[in-house]
Amino acid sequence: MISEERVKTALAHSEPDRVPYDLGGTLITGIHVKAYKRLVAHLGIEKSDFPVLRERLGIADIHEDVLQRLSVDVRPIFPNELTKTYSEDEEYDYYVDEWGVKWRRPKEGGLYFDLYESPMRGDISQADIDGYPWPDFKNAKIKEGLKEKAIELRKRSKCALVLESVLGGEMFDGCFFLRGFENFYIDLAINPTEACYLMDKMLELQLQYWNNVLPELKEDILIARIGDDLGEQANTRISPEMYRNYVKPRHEKLFRSVKKIGGGNVYIFLHSDGSIYDLIPDLIEAGVDILNPIQYNTVNMDTARLKKEFGSDLTFWGGGIDTQKILPQGSVQEIKDEVKRRIDDLAPGGGFVFCQVHNIQYDVPPENYTAMWEALQEHGK
């Protein structure tokens, strides 16, 4: 099978010739640039440039020949960023994104940009939300060159293409960045009218983006990736009741609208970290086709259980190996055993694309990555 056919077969819940593999096909299935540099050297591939794809996460823009070498079946299409302003002081580098959110990274030993300043913190009204200088996702700049890139990628790699959403503009998660975490949790608890008004604005902007970018790409794009973190290590971020009352109706509108814009031919890929077992039936009802990252070391997220209960409705994209402990700290044999275990749980009957749980972080030795990859080649057929 060619890569695109392999992924399509898995998404149709049939078994392809081998389990499809993703590295860097989305914003949250990549590899930190520091780990990537060591991996490239370990593979004996000479490179002089190591561009960072998105500064906030520190992930590498993986070279095409490396992707080919590793038999990666997926490629990303990222929208162009509209605006970003930079500054610095003695200790930190800063930038303000197109949403007006300020991020910072320590100059000494800094790996990521962390949330530093939320522009809509404090008391706000609906008038404040209406009057905020929102980004314009009708702007043609955001899609410049994307059609040509998609055509070239499909021709060169014969891979499945994923179209990314705008970073920072998640309908639910983005509200925490704009308001600050404490403020938005309080909004949801005691002022849900204002919280929902803000989420409606984020939904409007998401749809503005998809209506602008997807129509020209719908013949090339197989998957639309949307992110909205709903879980933590031990539980959901908000109660299932609160999700169903406030977030789910807006998710349903977003997911079904994106499918309609894509002509009914795109799969909805939702990235949501953590323990989200209690929300999975709602996500399926809302229109999610693909769930990621399958953080199986959190509460109630066992891969065998998820496959048994939801495998006929969802494709699991991730869950291949834990990135918090096993991939960075495990022995080669522990890593290989873990990969086999997760493939055994998730691959039967299709509906599985292999990748690690979230991005490969800076501290993963190249030998551990190689152990993971070799186990996939051995057990993924």
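Reader: At what angle do the axes of helix 8 and helix 9 cross?
Author: The axes of helix 8 (residues 192-217) and helix 9 (residues 240-261) cross at roughly 10 degrees and come within 10 Å. Helix 8 is therefore roughly parallel to helix 9. Angles under 35 degrees count as roughly parallel, over 145 as roughly antiparallel, 65 to 115 as roughly perpendicular, and the rest as oblique. Axes are lines fitted to C-alpha atoms, for helices over the stretch in contact, with angles from 0 to 180 degrees between N-to-C directions.

Reader: What is the model, and how is it numbered?
Author: This is a predicted model, in which local features need pLDDT of at least 70 and side-chain atom pairs count only at pLDDT 80 or more, while totals for chains, interfaces and linings use all residues. Residues are numbered from 1 along each chain as its sequence is written, and side-chain values use heavy atoms, with hydrogens and water left out.

Reader: Which residues of helix 8 meet helix 9?
Author: Among them are Leu203, Leu207, Trp210 and Leu214 of helix 8, and the residues they face in helix 9 include Leu254, Val258 and Ile261. Contact means heavy atoms within 4.5 Å. The residues of this contact divide into 13 nonpolar, three polar and three charged.

Reader: Now the sheet. In what order do its strands run?
Author: Seven strands form an open sheet in the order 3-8-9-10-11-12-13, with parallel pairing. The edge strands, each pairing on one side only, are strand 3 (74-77) and strand 13 (352-353). Helices (H or I, at least four residues) and strands (E, at least two) are DSSP runs, numbered from the N terminus. Two strands pair if DSSP finds at least two bridges between them.

Reader: How many bridges link strand 12 and strand 13?
Author: Strand 12 (residues 315-317) pairs with strand 13 over two bridges, in the parallel sense. Phe316 has Phe352 in strand 13 as its bridge partner.

Reader: Which helices lie across strand 3?
Author: Helix 1 (residues 3-11) lies across strand 3 and other strands, including strand 12, to which helix 1 runs at about 125 degrees. Helix 5 (residues 146-157) lies across strand 3 and strand 8, at about 170 degrees to strand 3.

Reader: Is Val7 of helix 1 buried or exposed?
Author: Val7, in helix 1, is buried, because its relative accessible area is 0%. Buried means under 20% relative accessible area, exposed over 50%, and partly exposed in between (1.4 Å probe, protein chains only). Leaving aside neighbours within four places in sequence, Val7 is in contact with residues including Pro20, Val74, Ile223 and Trp317.

Reader: And why does Glu4 count as buried?
Author: Glu4 counts as buried because its relative accessibility is 12%. Glu4 also lies in helix 1. Not counting residues up to four places away in sequence, Glu4 touches Arg154, Lys158, Cys159 and Ala160.

Reader: Different topic: what joins strand 4 to strand 5?
Author: A hairpin through three residues joins them. Strand 4 (residues 85-88) and strand 5 (residues 92-96) run antiparallel, joined by four bridges, and Glu88 stands opposite Asp93.

Reader: How many residues lie between strand 5 and strand 6?
Author: Five residues lie between them in a hairpin, and Gly100 in the turn has a positive phi of about 90 degrees. Strand 5 pairs with strand 6 (residues 102-106) in the antiparallel sense over five bridges. Tyr94 has Arg104 as its bridge partner in strand 6.

Methods
Ala, Val, Leu, Ile, Met, Phe, Trp, Tyr, Cys and Pro count as nonpolar, Asp, Glu, Lys and Arg as charged, and the others, Gly among them, as polar.
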